[in-house]
Amino acid sequence: MTDSQQDDAFRRLVQRIDPRARLLRTRRLTGGVSAEITVLEVARSDGETTKLLVRRHGDSDRAHNPHIAMDEFRLLEIAQAHALAAPEPYYVDESCDLFPTPVLVVEYIEGEADFAPTDLAGYLSRVVAELVKIHEVKETPDLSFLPRQDKGFGARPADLDTSLSEDRIRAALESASPLSQVNESGLLHGDYWPGNILWRNGKLAAVIDWEDARIGDPLADLANCRLELLWWFGAAAMDDFTDRYRSLARIDLTNLPFWDLCAALRPCGKLSNWGLDEATERRMRALHSLFVSRARELLKLQ
């Protein structure tokens, strides 16, 4: 689409949401990996100005799920019904008569990710509380459109990333399989980490990027966040987060080492392509090694 065609499509999109509203300006957000994201500034009929966020999922996401825009819209409606800190969904269109790909419009939430909180304990407390709220949304027919979290860990690739101990991780997972789930299945965010949590004035404003949501054991979400917190804030913060989660959620953590190892597979074969500086990558690799060693030892003790 040309710039003028795209501007016209955004104007028509705003009119569909509110026929009396008027598009003032657009701003493309950079840094999006899985989707093209545009912020629309809109003049409402009551004279107030508001912002909307337009998401157009990329080829990879649509190939995996052709209805990803509709599914995310439905999920955000459910999240709103459960008072989760998620953006409010406004509009979804799979007809592609405005844009070449489906379009999802949600609330634009002012805020930013915080990777250096001044009050780390308070930060972790709020992050835990929101994750527990997400996991309290149990499996129901309303969520049947979501995929299930794999209990496995995928087939071995032809080339294992031995620099991140992928061979040892997979051997440990294979020896512990099949896994018996002991916790009730519920809603998983799928990518709950500091980069997907927005803060404003010291308060948790929103959890964003729900396209990886699943139904499954909450330990899968917990494990992924544990690794991310280890990378960003260290082992003490990761352990504090886990203890806080245990006290609030009151779930069985027996299988956590297994899910920790599943989380540890995610960067395998990819970490070197994340655009990290040498020092940061070296630190993350060292912490990843610590994370894997802990999980493997705990798995052996079961």
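## Close-up views of a predicted model

**Figure 1. A salt bridge inside helix 3 brings D71 and R74 together.** In this predicted model, D71 and R74 meet through their side chains in a salt bridge, 3.7 Å from N to O. Both belong to helix 3 (residues 68–81), and because they are three residues apart there, about one helical turn separates them. What differs is the setting of the two side chains' residues: D71 counts as buried at 14% relative accessibility, whereas R74, with a relative accessible area of 33%, is partly exposed.

**Figure 2. Helix 1 holds a salt bridge between R12 and D8.** Here the closest N and O atoms of the two partners are 3.9 Å apart. R12 and D8 lie four residues apart in helix 1 (residues 3–17), about one turn of the helix. R12 is partly exposed at 39% relative accessibility, and D8 is partly exposed at 33%. If you would like to look for others, a search of the whole structure finds 24 salt bridges.

**Figure 3. In helix 9, E281 pairs with R285.** E281 sits in helix 9, which covers residues 278–301. Its side chain meets that of R285 in a salt bridge of 3.1 Å, N to O. The two are four residues apart in the helix, so about one helical turn lies between them. Is E281 buried or exposed? At 16% relative accessibility, E281 counts as buried, because the cut-off for buried is under 20%. Setting aside neighbours within four places in sequence, E281 is in contact with L271, S272 and L276.

**Figure 4. E211 sits in a loop and takes part in a salt-bridge network.** The loop in question runs between strand 8 (203–207) and strand 9 (214–216). E211 is buried, its relative accessible area being 16%. Which residues does E211 contact, leaving aside its neighbours within four places in sequence? They are S34, R55, H57, D61, I68 and E72. Salt bridges that share partners join R55, E72, D209 and E211 into one network.

**Figure 5. Strand 2 pairs with strand 1 and with strand 3.** Strand 2 (residues 35–43) is mostly covered, with seven of its nine residues buried. Strand 1 (residues 22–29) runs antiparallel to strand 2 and is joined to it by seven bridges; R25 has E41 of strand 2 as its bridge partner. With strand 3 (residues 49–57), strand 2 pairs in the antiparallel sense over nine bridges, and A35 stands opposite H57 of strand 3. Strands 2 and 3 form a hairpin with five residues between them. Take a look at G47 in the turn, where phi is positive at about 95°.

**Figure 6. Aromatic rings pair across parts of the chain that are far apart in sequence.** A pair of aromatic rings is described by the distance of the centres and the angle of the planes. The count for this structure comes to eight aromatic pairs. One of them is F115 with W193: the ring centres are 6.0 Å apart and the planes are at 40°, so the pair is tilted. F115 is in the loop between strand 5 (103–107) and helix 4 (120–135), and W193 is in the loop between strand 6 (186–188) and strand 7 (197–200), so this pair ties together parts 78 residues apart in sequence. F115 is partly exposed, at 31% relative accessibility. Another pair, Y123 and F233, is edge-to-face, with 5.4 Å centre to centre and 70° between the planes. Y123 lies in helix 4 and F233 in helix 6 (residues 218–233), so the parts tied together here are 110 residues apart in sequence. Y123 and F233 are both buried. Ring pairs also link F115, W193 and W232 into a cluster.

**Figure 7. The largest nonpolar core gathers 76 residues.** Those with the most contacts inside this core are L187, W210 and F241. Helix 6 contributes the largest share, ten residues. Not counting residues up to four places away in sequence, F241 touches L124, V127, V128, L131, L222, C225, R226 and L229. Another core, of 15 residues, lies apart from the largest one and has L13, L40, L52 and F99 among its members.

**Figure 8. K270 and D161 are 109 residues apart along the chain.** Their C-alpha atoms are separated by 8.9 Å. K270 lies in the loop between helix 8 (256–265) and helix 9, and counts as partly exposed at 45% relative accessibility.

How values were computed:
Residues are numbered from 1 along each chain as its sequence is written. This is a predicted model: local features need pLDDT of at least 70, side-chain atom pairs count only at pLDDT 80 or more; totals for chains, interfaces and linings use all residues. Side-chain values use heavy atoms; hydrogens and water are left out. Contact means heavy atoms within 4.5 Å. Buried means under 20% relative accessible area, exposed over 50%, partly exposed in between (1.4 Å probe, protein chains only). Rings of Phe, Tyr and Trp (its six-membered ring) pair if their centres lie within 6.5 Å; planes under 30 degrees apart count as stacked, over 60 as edge-to-face and the rest as tilted. A nonpolar core is a set of buried Ala, Val, Leu, Ile, Met, Phe, Trp, Tyr and Cys residues joined through side-chain atoms within 4.5 Å. Two strands pair if DSSP finds at least two bridges between them. A salt bridge is a side-chain nitrogen of Lys or Arg within 4 Å of a carboxyl oxygen of Asp or Glu.
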